[in-house]
Amino acid sequence: MSERPITFFFRGSQQQVENVLPTMTVLQFLREYTQTGKTRHTGTKEGCAEGDCGACTVVIGELVNDSLQLRSVNACIQFLATLDGKALFTVEDLHNLLLTQAGTLHPVQQAMVDMHGSQCGFCTPGFIMSLWAMYENEQQPPSKDKISDYLSGNLCRCTGYRPILDAAKKAYDYPRVQLERQKVLNVLKDIQALPALHLNHHAQQFFAPKTLRDFAAIRSQLPQARIVAGSTDVGLWVTKQGRNLGDMLYIGQVEELKKIAVKDHALTIGANVSLSDALIKILEFYPDFQELQRRFASMPIKNAGTLGGNIANGSPIGDSMPALITLGTQLILRVGEQTREIALEDFYLDYQKTALQLGEFVESIVIPLREGQPRFKFASYKIAKRFEQDISAVYAAISCELDKDSVAHNVKIAFGGMAAIPKRAKYAEAILESQQLTAELIAKAQEALSQDYQPLDDGRASSAYRLQVAKNCLERFYVEKVLSQTITRVNDLIAMVEI
């Protein structure tokens, strides 16, 4: 590992940047950074500076299995150093890089004009980039829900969503214009041959090792270094709190941690797998993950963030943990060449305090699979003020094995937002375990939640509200998973009698 400039594809060629703070954001680079003969790139706007509004949306290109993967991210919380070996596209590229004819617009831009999708215009570059990511990844006009997913990270202060949705479809009516991907791939392959990135600026170091062994070795040597993945959380520590992150160890270049494997009735997800990829894969095996997959966060946040980072961060309002706890998820933790396994529910000790030992890190997440187990019931519920792009007030997850007489076994109930850590409801579980589930029994379990939790009371929700919502989630599970099974069985019996 040697010191060299941050190197990435930008404006049609290889770009090198040096002598900058490792915490310089992509947005700061675009709007503020200048070199001799270089101008600032101000098409990308700054709105919230915390990854919420989408005004700063850009598209990142990454080499994945010899193909170019294009995904939208928030430039305001993405550190420039994490772009090493990748490609950066902004709203200016839709003309400059794609070489549209003089005086013409890219189809997504023309569609926004024709459908009157831009009002004050401040959010428009961000919308354009989200639409361009969609346009490049979807060869046919997507459904309205799919379009909404792509635009989930963009807010319009002028309430112009309908014409923007119309523009998303209209873009496919024009002659197709697409990125010349091979040129980008050639540059990225050249950059990939460079040594691993190591920055040292004003006594702050940034390491981006390329192998798991190197990552583990640096982690052992510098156990206090801040591990950085998508910076969807630590980015706010810099932009909003002005914190000094100290030395940083970037996990994003470690290929071994980007793998997903299905083996021995378990789904193993590397700590560097993006939330987008991880949630989609889990959904294949657990269809009831649909709400979590759709509402976890905006698409740019899911594209940048990782499941391993969400788990290791230890936030009491992280959405993934309650659901994974009820599925019996295990973590593989590593220090140096040694690994150990721990149940996810045992990983959290106190507020943002985990069982990680000095020099240890999360290597992978192992989720048991239950193919051919129709009696296994699982559901998760997100309660927030907004449907999309909002932090949960309460996140509930419930699972059990339900026999034909509605007797529940291996009951697991976990909540986020109810305590200082993601936590199981052991008292409520004990009431339901090995019992026939009835409305009366559920009512007893609801009351037991008061013993399990003394909920948080903050600006997102009051303690009383959280407790009531948690009780409602138990009842909802009963109605959806137990009563529905009973009704189906009765209908089957009636059909047999009629035959």
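This passage describes the overall build, salt bridges, internal cavity and backbone exceptions of a predicted model.

The protein comprises 17 helices and 21 strands. Its radius of gyration is 24 Å, which agrees with the value near 23 Å that a compact globule of 499 residues would have. Along the principal axes, the C-alpha atoms occupy a box of roughly 80 × 55 × 45 Å. Of the 499 residues, 55% count as buried. Among contacts with a separation of 6 or more, 65% are between residues 24 or more positions apart.

Side chains of opposite charge can pair when their charged atoms come close. In total, 26 salt bridges are present in the structure. One of them joins Glu360 to Arg340, with 2.7 Å between the closest N and O atoms. Arg340 belongs to strand β14 (residues 338-343) and Glu360 to the loop between β16 (353-354) and β17 (361-368), so this salt bridge ties together parts that are 20 residues apart in sequence. The two partners differ in their surroundings: Glu360 has a relative accessible area of 3%, which places it under the 20% limit for a buried residue, whereas Arg340, at 28%, is partly exposed.

A further salt bridge is formed by Lys471 and Glu447, whose side chains meet at 3.6 Å, N to O. This pair connects distant parts of the chain, since Lys471 is in helix α17 (residues 463-498) and Glu447 is in helix α16 (residues 439-452), 24 residues away. Lys471 counts as buried, its relative accessibility being 13%.

Asp390 and Arg386 also form a salt bridge, in which the closest N and O atoms are 4.0 Å apart. Here Asp390 is buried, with a relative accessible area of 17%, and Arg386 is partly exposed, with 41%. Beyond such pairs, a network of salt bridges links Arg213, Arg334, Glu337 and Glu363.

Rolling a probe the size of a water molecule over the atoms shows where empty space is left. When the whole structure is searched, one cavity of 30 Å³ or more is found. The volume of the largest cavity is about 50 Å³. The elements that contribute two or more residues to its lining are β19 (394-402), β20 (408-416) and α17. Strand β19 provides the largest share, three residues. The lining consists of Ile398, Ser399, Cys400, Ala408, Val411, Leu432, Leu437, Ile442, Leu474 and Phe477. By class, nine of these residues are nonpolar, one is polar and none is charged. Helix α17 thus appears both in the lining of the largest cavity and in the salt bridge between Lys471 and Glu447.

Most residues other than glycine have a negative phi, and most peptide bonds are trans. Asp264, although not a glycine, has a positive phi of about 55 degrees. This residue is located in the loop between β11 (260-263) and β12 (266-270). The relative accessible area of Asp264 is 65%, over the 50% limit, and therefore the residue is exposed. A positive phi, of about 60 degrees, is also found at Ser434, again not a glycine. Ser434 is placed in the loop between α15 (426-432) and α16. With a relative accessibility of 41%, Ser434 counts as partly exposed.

Definitions and conventions. Residues numbered from 1 in each chain as written. Predicted model: local features only at pLDDT ≥ 70, side-chain atom pairs only at ≥ 80, totals over all residues. Heavy atoms only, no water. Helix = DSSP H or I, 4+ residues; strand = E, 2+ residues; numbered from the N terminus. Buried < 20%, exposed > 50% of the residue type's maximum accessible area, 1.4 Å probe, protein only. 1 Å grid on protein atoms, 1.4 Å probe; cavity = no way out; pocket = protein on both sides within 12 Å on 5 of 7 lines; lining within 4 Å. Points joined across faces, edges and corners; volume = space filled by probe spheres on them. Nonpolar A, V, L, I, M, F, W, Y, C, P; charged D, E, K, R; others polar. Rg over C-alpha atoms; globule rule 2.2 N^0.38 Å. Contact = heavy atoms within 4.5 Å.
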